[in-house]
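Biologist: Could you take a close look at one of the sheets in this model for me? I would like to see how its strands are arranged and what packs on them.

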Amino acid sequence: MEQNPTTRTDIQINKINLDTQINNLVKKLKGKNVAFLTNPTGVDKKLDMLIDRINADKQINLICFFAPEHGLRGNQQAGLDVSDYTDPITGLPVYSLYGTRKQPTAEQLQGVDILVYFIQDTGTRFYTYIWTLTWTMQACAENNVQVMIFDRPNPLNAETIEGCPNNVNNDYVGRVFPGQKIGIPQRYGMTIGEFAQMVNKEWMDSALNLVNINMINYYREEYFDDAGLKWVMPSPNMPTLDTNLVYPGVGIFEGSNISEGRGTTKPFEIVGGPENIVDAYELKAYLDDQNLKGVQFRPIYFNPTFSKYEGEDCAGVEITPTDINNFESVKTGATVLQAFLKLYPEDFQVTDGINRLFGLKDFNNMIQTMSIDEILDSCQDDLNYSFSRNIPQNIKKQTAFVKSQQVKQELVQQAQERVVYDSKQKKVLSQSELIEVQNNFKSFSEQDDIYNQMNGIQVPKVVIQQERLSKYLSQTGMCSRRQAEEMISQGLVFVDGKKVKSNQLVSVKNDIKIFTVQGEKVPLPQDTKIYLFYKPRGLLCTNSDPLGRPTIFDWMRGNTKLDADHIISVGRLDFNSEGLLLLTNNGELASMLENPMSKIMREYRVRVHGKFDAEKLLKVRQGAVINGVQYGPFEVDIDNRQTSNTWLKIRMFQGKNREIRKVMQKYDLSVNRLKRLQYGCYKIGKMVPGDLFETMVFKEIKRKFYLHHRKKFENYNSDIRQQLMEKYGDDIQYIEEKDLTEDERLYLANNAYDPNDQTYFLKSNDTASNRMKNPLIQGFKSVKKDSPKIKNQATKKTHKQLLLEETRVLH
């Protein structure tokens, strides 16, 4: 059975670690007097209300509860006053904050050390819970009570904003604080923790002692069902995420006499009025002509069991989002409302209450005389002001930063367990473990006080693993251990500036260099670095853009201490793509990693829109020829199917410009999400957008780099051989050194020098008895035995020695 595009419960690629988040909260509540402002959404992984668990914890003194609209246990319908009462489960008092009392009194807060806010919000301004929070924050600030926000995901994602910031003040559906001219838009694009920070920093007169209990593994751009959590109704008429998706737009119908679907199984997804007034097919046809994005309308007939038109036969439309990334809830809802007013002007009206819901003082008149686009355009300046002043971006960045640190904290804690040194058992780290841990702690050492105060991480004492010099050299990928031992015996290896002839113990702290017999330095560049960057959408992988769009290098200059002018991206991800991007300071390494001949696998997770059947799958796997260029083939697996979208896992070993998007377009599929998960041996793991780590250069990469340079050298030799053949031909009698170029001389020294009589010669055949060790020597005519010897034989280099000179071997 096909799924609705908004109920993708089987994806769960970014599962929020709820258990860890709850444990972090519980630790802070030990020994404290605690009150909770919560409702049925305040549950643990087993869907048990957290307050019941807290009540059973003898180390926490739970004093009382505060209840928002709909009550502590969620048994009250919308708009009904909630009275104070005693909770039958815990026997503790429940104080209502919806109705005559908006905020806790000083008496109710007496003796409370910490008030915990644990409620799942809908990401919509006129949902009352966030405004109950603001009243509570003000009361706690006045009474010196700390507030802890148990942060929850924004079910509509914490990036997208829609609608108009409210210029109408209302206690429960949109406050405008003193000194502020506007509030926030209908779809406000923040988590509840970020919203609380904004209120505390920007709006409140007296600062509150506010602590966020941050989510672990939360990706801001994902919808609720991608977080791996189960949906619990935030209120009686919010049964599913589908309802939540349309709510920012259709919620304004409560300010009209049009049914918003209360009393049906799909509130807010179904709208309509009495059947003798509304023609469902006429309404659908009108809405289809509006060309709204990402939505379909279906004629529907219903009979509400309560609320507007209770017990009456009604007609209308069902609103079904088909593409959540393009669906504009606010515009869609307002357009549907305007359709009723235009088609049935004598029967349907709006009330003054709709102004409070939409947020504009004159919306009830604007909807009658202006287009929806004109209404939304009229508040664009306020929207820009809102997100430059009232919702500063640094708050979002700070919360995203703290969240990222918590993800990293788990990795550090794991590393710490491996780093512990037991002097009795003499446990030490391997070199790879050591480098991994050092890189982790290096990235943490430069973070600011927020992270240090939150986590209290201290770098443990690291015991450095020593290894034999030959093994150390072999791990660079340039040679085997036996070849390394031979170089050591020849006196080519220097450690800390001193020539060594024994296979001594060394570590990463030693400065190791290799020299040729002629004394020419062959470096092992210790400064070669690779960084893993989670590129967010909205950045270009280029040094500059003539259109002024932001680039990854602009981002690095503004957010890191890296010298962006000396960083190179390995390949590219286009402006609307995201995911793992490798960065390095070594141009030759970047070239090797991009080269299809290196056979480095890239893996992507791609969401495509359009019909995707077995025939399309086969075609996509084969790739396509577009304008004479072959794109693909790919390894493709179906990850998840939805109504109109399909998630794919795609693996490839090349990387042409916009390759996946071009092939999909060829087969009438549009890519609406593309995320790179892996590049060779590097995986995105638990990284979040904006994360940038320095990582180790794995041995696999070092070896590929060495082979890449060897291939370049062999191609170079082949060109020189061809040059010699063209220069001397079959009539060659002898070779004068003065006639040779430097490249030709080096080639002959390596491939055509006879150590017995110290002459250069060219082989005329390829028999086993006279074949040179280098397989490149074929097809040359012999030089006469009486040919004069070439003088000045200062340079006699082996193929390996030339490689050592030409190749910057990574370490």
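Modeller: Happy to! Two strands count as paired here if DSSP finds at least two bridges between them. Please keep in mind that this is a predicted model. With that rule in hand, let us go to β9 and strand β10 (residues 314-321): they run antiparallel and are joined by eight bridges. One spot to find on your screen is Pro 299, whose bridge partner in β10 is Val 317.

Now widen the view. These two strands belong to an open sheet of three strands, in the order β8-β10-β9, and its pairing is antiparallel. The edges are held by β8 (270-274) and β9 (295-302); each has a single partner strand, so one side of each is left without a neighbour in the sheet. As you step from one strand to the next, the twist averages 20°.

Next come the helices. Helix α7 (residues 280-288) packs on the sheet, where it touches β9 and β10. The direction of α7 makes about 170° with that of β9. Helix α8 (residues 329-343) lies across β8, β9 and β10, and α8 runs at about 10° to β8.

To put the picture together, start from the β9 and β10 pair with its eight bridges, add β8 to complete the order β8-β10-β9, then place α7 against β9 and β10, and finally lay α8 across β8, β9 and β10.

Key
Residues numbered from 1 in each chain as written. Predicted model: local features only at pLDDT ≥ 70, side-chain atom pairs only at ≥ 80, totals over all residues. Heavy atoms only, no water. Helix = DSSP H or I, 4+ residues; strand = E, 2+ residues; numbered from the N terminus. Axes fitted to C-alpha atoms, helices over the stretch in contact; angles between N-to-C directions. Contact = heavy atoms within 4.5 Å.
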